[in-house]
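Okay, thanks for coming, everyone. Let me put the structure up on the screen, and then I'll walk you through it piece by piece.

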2 protein chains.
Amino acid sequence: MIIVGERINSTRKPITAALEARDADHIINEARRQWEAGATYLDVNTAMMRAAEPEVMAWVIELIQAELPDALVAIDSADPVAVEAGFKVHKGRPLLNSINGEKQRMDALIPLIREYSPRVIGLTINDGGITQDADSRYRIGTELIELLTKNQVDLDDIFIDPLIFPVSAELQAGNVSLAIMRRLKENYPGVHTICGLSNISFGLPERKLINQVYMILAMGHGLDAAIIDPLDRRMMASITTVNTLLGQDKVCRNYLKAYRSGDLNLDPTTMAAE
Amino acid sequence: MIIVGERINSTRKPITAALEARDADHIINEARRQWEAGATYLDVNTAMMRAAEPEVMAWVIELIQAELPDALVAIDSADPVAVEAGFKVHKGRPLLNSINGEKQRMDALIPLIREYSPRVIGLTINDGGITQDADSRYRIGTELIELLTKNQVDLDDIFIDPLIFPVSAELQAGNVSLAIMRRLKENYPGVHTICGLSNISFGLPERKLINQVYMILAMGHGLDAAIIDPLDRRMMASITTVNTLLGQDKVCRNYLKAYRSGDLNLDPTTMAAE
């Protein structure tokens, strides 16, 4: 499972403050905790810095990689200038979060993808807007795959996000996204599927329970990457357990390692403060 | 989701003692708690009473139905005499737990099934023994379905158990059972799949976590009945959540009802003693 740690996002107030103050300690602390919890990529979003978005993006990436030389960043921006600022300073291959099927965005980003060879998240949305229809979103996903592979991106470097809508608003929202994931994995073996989960529980109580259960269902339908908070211990324990149950953990090595580290002990009375 | 409450089983020591002493209060208490927690059927196994198995089976069923007139029993026995003793006293349609593909057992039970019209659990095992092979177990399942439908059992009254083996012993054990469930549901729309879950976690620590996660995965692949302990609040909350996420809970009515009843509050520090 490829985990993109979502915490360094300028829409979160403590992060906005830390970015504005160029508080390196705060950012490094957020990066280190997610990295140690098992994040594969650290998402960095600096959009709320507005005009300074590109400069702050580069600053954060250099900061993280100076402190954690093996860490990779998911460059989370809709602004091609900020994306390129990130690509320029990033060591190793970053993950671009994200492209979609909108022509204008694509035209600006494809040349950067060709030049810097990042891995790429593709959202199943295009100039027609967002659709609730499974077939339409699946088709947008396939068009993104075709376009990216034509531009020298390997299937293994493509992450399609089927998008997830609140089940409180649309009864079939959960099923629709599961079906898209499954179909993409069946028809494009090797491609990755990814999503942010929290939309599914919008409008309902006990959202963490819903997000965790949906993560398990989605992994059962081929989800192999997710944008989550790796400090959510219950979520991480679920992911470890699913990997074992789906035959991806020889002699249950990772499960037993997590058990010995205390990562499967989810009793809040014994859990460290988060 | 059809839930078969597993607690009244003579392999559990407190139940053995209660059955031996004909302790009606103990049995009724176990029945009531499971019923109130949402069990659809109450499993009754009296095999450890040996020669008295049939007599005790009938005693327990009459006891439960006198106290809980709407409750139905899953008659859990390998002995056709005990099965018939149960059928004779049961009001409404019981669930027979279980038949399998062994010729001798089938020959004894089919006449009873024709006479009493129970719903039936079929285990994917036959005279060739137990196999780890997905295709073989699927095929046994289909043979059971064909045989039962030939004997006037509707698809909606058939529950096929794909069997589950420990993932600690066989890396693909989880995947194999998921594939069998999925294939049965696809090829026999209307048939039910059922399983006991606890085998999956045999030999590993934190078994409840594994069982709960596997339940969610299995429901995502078409499991619509399970033999579990309905007093396991975390398991029951997971089931409620999966039903909502899979589009079986209009306007999230059941989820919100469970939330208001406190059934989704899983913090052990606030949970009632179990």
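So, in what order do the strands of chain B close into a barrel? They go β1-β2-β3-β4-β5-β6-β7-β8, so to speak straight down the list, with 8 strands in parallel pairing. The twist from one strand to the next averages 30° there. Before I go on, please keep in mind that this is a predicted model.

Chain A tells its story in the matching way: 8 strands, parallel pairing, and the order β1-β2-β3-β4-β5-β6-β7-β8 around the closed barrel. The average twist between one strand and the next is 30°.

Let me zoom in on a couple of strand pairs. In chain B, take strand β2, residues 41–45, and strand β3, residues 72–76: they run parallel and 4 bridges join them. If you want a residue to click on, D43(B) stands opposite A74(B) in β3(B). Over in chain A, look at strand β3, residues 72–76, with strand β4, residues 95–101; that parallel pair has 3 bridges. Here A74(A) has L95(A) of β4(A) as its bridge partner.

What lies on the outside of these strands? I'll give you one example, helix α6 of chain A, residues 134–150, which lies across β4, β5 and β6 of that chain. Its direction makes an angle of about 140° with β5(A).

Now, a bit of backbone geometry. Which peptide bond in chain A is cis, on the way into S98(A)? It's the one that joins N97(A) and S98(A), and omega comes out at about 15°. S98(A) sits in strand β4 of chain A, so to find it, just go back to the strand we had a moment ago. The peptide bond from N97(B) to S98(B) is cis too, with omega near 20°, and S98(B) belongs to strand β4 of chain B, residues 95–101.

One more backbone detail, this time in a loop. R50(A) is not a glycine, and yet its phi is positive, at about 50°. You'll find R50(A) in the loop between β2 and α3 of chain A.

Right, on to helix packing. Two packed helices are described by the angle between their axes and the distance between the axes. Let's begin in chain B with helix α2, residues 24–36, and helix α3, residues 53–67: their axes come within 10 Å and cross at roughly 60°. That makes α2(B) oblique to α3(B). The crossing of this pair is right-handed. On the α2(B) side we have A24(B), I27(B), I28(B), A31(B) and R32(B), and they meet W59(B), V60(B), L63(B), I64(B) and E67(B) of α3(B). Sorted by class, that contact has 8 nonpolar, no polar and 2 charged residues.

Next, helix α8 of chain A, residues 207–220, and I'd like to spend some time on this one because α8(A) is roughly parallel to α9(A). Helix α9 of chain A covers residues 233–245, and the two axes come within 10 Å, crossing at roughly 20°. The crossing is right-handed. The residues that meet are N211(A), Q212(A), M215(A), I216(A) and M219(A) from α8(A), with R234(A), M235(A), S238(A), I239(A), V242(A) and N243(A) from α9(A). That contact has 6 nonpolar, 4 polar and 1 charged residues.

But α8(A) also has a partner across the chains. At what angle does α8(A) pack with α9 of chain B? It's about 70°, with the axes 10 Å apart. That makes α8(A) roughly perpendicular to α9(B). From α8(A), the contact uses L209(A), I210(A), V213(A), Y214(A) and L217(A), and from α9(B) it uses A237(B), S238(B), T241(B), V242(B) and L245(B). The class count here is 8 nonpolar, 2 polar and no charged residues.

Keep L217(A) in view, and let's turn to how the chains relate. Two copies of a chain are related by a rotation about an axis and a shift along it. In this model, a rotation of 180° with 0.0 Å of shift along its axis superposes chain A on chain B, with an RMSD of 0.0 Å. That is the relation of a two-fold axis. And which C-alpha of chain A is nearest the axis? That of L217(A), 2.8 Å from it.

Last item: through which surface do the copies meet? They meet through the same surface, because 100% of the interface residues of chain A are also interface residues in chain B.

That's what I had. Happy to rotate the view if anyone wants another look.

Definitions and conventions
Residues are numbered from 1 along each chain as its sequence is written. Chains are lettered from A and ligands numbered from 1 in the order in which they are written. This is a predicted model: local features need pLDDT of at least 70, side-chain atom pairs count only at pLDDT 80 or more; totals for chains, interfaces and linings use all residues. Side-chain values use heavy atoms; hydrogens and water are left out. Axes are lines fitted to C-alpha atoms, for helices over the stretch in contact, and angles run from 0 to 180 degrees between N-to-C directions. Helices (H or I, at least four residues) and strands (E, at least two) are DSSP runs, numbered from the N terminus. Angles under 35 degrees count as roughly parallel, over 145 as roughly antiparallel, 65 to 115 as roughly perpendicular and the rest as oblique. A crossing is left-handed if the near helix is turned anticlockwise from the far one by less than a right angle, and right-handed if clockwise. Contact means heavy atoms within 4.5 Å. Ala, Val, Leu, Ile, Met, Phe, Trp, Tyr, Cys and Pro count as nonpolar, Asp, Glu, Lys and Arg as charged, and the others, Gly among them, as polar. Copies are superposed by least squares on the C-alpha atoms of residues with pLDDT of at least 70 in both. Two strands pair if DSSP finds at least two bridges between them.
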